[in-house]
Amino acid sequence: MLYPQSNPFRQCVDLSGIWDLRFDPEGDGIKSNWFAGFTGGRPAAVPASWNDQFEDRRDYLGNTWYQTRFDLPWGWDASRQQLRVRFNSVNYFAEVWLNGARLGQHEGGHLPFEFDVTSHVRREGNVLVARVEGELAPDRVPPGNVPSDPQHMFLTQKENNPPSSFDFFPFCGIQRPVLLYATPRDALGDLTVITDIAGTTGRVRVSVGDAGASVPHTARFALRGHGANILAETTADEVEMRVPDAALWSPEAPNLYDLTIELTRDGAPYDRYTLSIGIRTIAIEGDALLLNGKPIYLKGFGRHEDFPIVGRGLAPAVIVKDYALMKWVGANSFRTTHYPYSEQMMDLADRLGFLIIDETPAVGLFFAAEGLARRLELCRQYTRDLIARDKNHPSVIAWSIANEPHSWLPSAKPFFKNLSDLCRALDPTRPITLATYLGAAEESFEFCDLMCLNRYAGWYSQSGKIEEGAACLAAELDALYQKFRKPVILTEFGADTIAGFHAQPPEMFAEEYQAEMLTAYINVLRSKSFVVGEHVWNLCDFKTSQAVQRMGGMNLKGVFTRDRRPKLAAHRLRELWRS
Ligand code: GCB
């Protein structure tokens, strides 16, 4: 799936702005034909979650209608172009109409979907309407409103408001831009780029998907940058380009090349697409994670797309700031906890040299029989869509197929075998992982190349006892490695911390406690040769459901506050990671 772009053959406009929004708790919209256009809406920002824009609907997750109007830009022409509307992310469910015609529906937040509108669009006065809802249900992914018994999960969600089975606020709405875009008929539909290194030569294999399906065409390729200008031409759907003395991509030198593909018919170009690519390899050998053949150690964070007022809405300035903070601390990586991040976040990782463990929205999964087939089908859809979206990013070094599944029932294992088989078939070039709190009891590590462990000994257990917590961590890491003999990343560890609260000797919730706990953990991790990375939970404080252990509806494990001010731990990490 190619991100829309503008060039002499393609055009794209962003429909973001202030839309009309109407809440519909009684479900009146369909019978009242709101899909053809409605009145009485209130102004609402797109992209943004709706929850924190209004005083009366913070916890409301139900039926909600969005509407905007647009005219086709000058020069666009539905009789010779293909026009589409693309939603970059809507949480959780969307049904969409244009000028009263139903375009379709989509389930699952955080991944893009689009509709061909060529036959519905008018030159002027188009009305685009979406019904959106984010109700929490056991057969959705991520699930919510899950019963609390050992068939499902130990903690009861009824004690959370809203009752999510995951620890972040279930923000709803059109959370990333909505794009209207035009391509030529028979346009290039997809590109897959796989890179390899032979000595000092970079090998770039490009396959073209869906190009000019109905007409004979020739594809011209140009790879440019770092002094290279390599051209190739083929009537087949695949080409390999060799780059002598390639400038490899790495966190220290995130070198990118521009790969341009032009489709021609009878010698004349009719479509063009340009993609930034990085030449690099990623592999696991023994206990090591290798980037470009050399061992690499991950230092970084789990994070959330979360900011006051916009909720989970795309906020480019926050993305830029978060990368600046991560660089300042000395991080080189992060995991997209617990759902795919925006395309803008991914593009900047390529540019700035961050390594990403790219996670699907499969968080809080449980394996009781009811709804299981549906949850698996959704996870398969997310895996396919995530790989289709992110496969060409050099920054993506691994796929995470779940976070903290409640996987003690026997049905968990075939579930993850199925998902990891799918993932490997779609992308044999990247390691597969999942993040667990079960430790050595996580049977599905059998299907993974890398093991991600989340640990809070010294916080939820061994509370107030940092040294005991660290000893516990050491023992668990050893047990995990003994059982599976695969490299480990500690993908979560941390402590809730109230900024400005101090205690000496360190006490839970004090800034000193967080700094000391992170330090003790890092000392343990550095003593284990099979550990290849450490990701602190979390970069920033973030909003979650209200619960007794979540003061003010916040998870306070950030080393920065929600408005991005450093706690003591950020300075401590900076010392540890930059030295
Ligand atoms: C976890 C979860 C994460 C939570 C975190 C916590 O293990 O993966 O989503 O926010 O613990 O702070 O409890």
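**Ligand site**

I began with the ligand: 13 residues surround it, and Asp167, Glu404, Tyr460, Glu492 and Lys557 come nearest. Here, near means that a heavy atom of the residue lies within 4 Å of the molecule. This is a predicted model, in which local features need pLDDT of at least 70, side-chain atom pairs count only at pLDDT 80 or more, and totals for chains, interfaces and linings use all residues. Residues are numbered from 1 along each chain as its sequence is written, and side-chain values use heavy atoms, without hydrogens and water.

I then looked up polar contacts (pairs of N or O atoms within 3.5 Å). A polar side-chain atom of Lys557 lies 2.5 Å from a ligand oxygen. For the Glu492 side chain, the N or O to ligand oxygen distance is 2.7 Å. For Arg550 it is 3.1 Å. The protein covers 91% of the 320 Å² of accessible area that the ligand has on its own (Shrake-Rupley, 1.4 Å probe).

I sorted the shell by class: four nonpolar, four polar and five charged residues. Tyr counts as nonpolar, Gly as polar, and Asp, Glu, Lys and Arg as charged.

**Hairpin**

I checked strands 13 (190-198) and 14 (201-209), which run antiparallel with nine bridges. Strands are DSSP E runs of at least two residues, numbered from the N terminus; pairing takes at least two bridges. Ile197 stands opposite Gly202 of strand 14. Two residues separate the strands of this hairpin, and Gly199 in the turn has a positive phi of about 65 degrees.

**Domains**

I noted domain 1 (11-134 + 170-182), domain 2 (190-277) and domain 3 (282-578), with bounds from an automatic or database assignment. The C-alpha centres of domains 2 and 3 are 33 Å apart. In contact (heavy atoms within 4.5 Å) are 14 residues of domain 2 and 15 of domain 3.

Definitions and conventions: A polar contact is a pair of N or O atoms within 3.5 Å; within protein, one must be able to donate a hydrogen and the other to accept it, and residues adjacent in sequence count only if both atoms are side-chain atoms. Helices (H or I, at least four residues) and strands (E, at least two) are DSSP runs, numbered from the N terminus.
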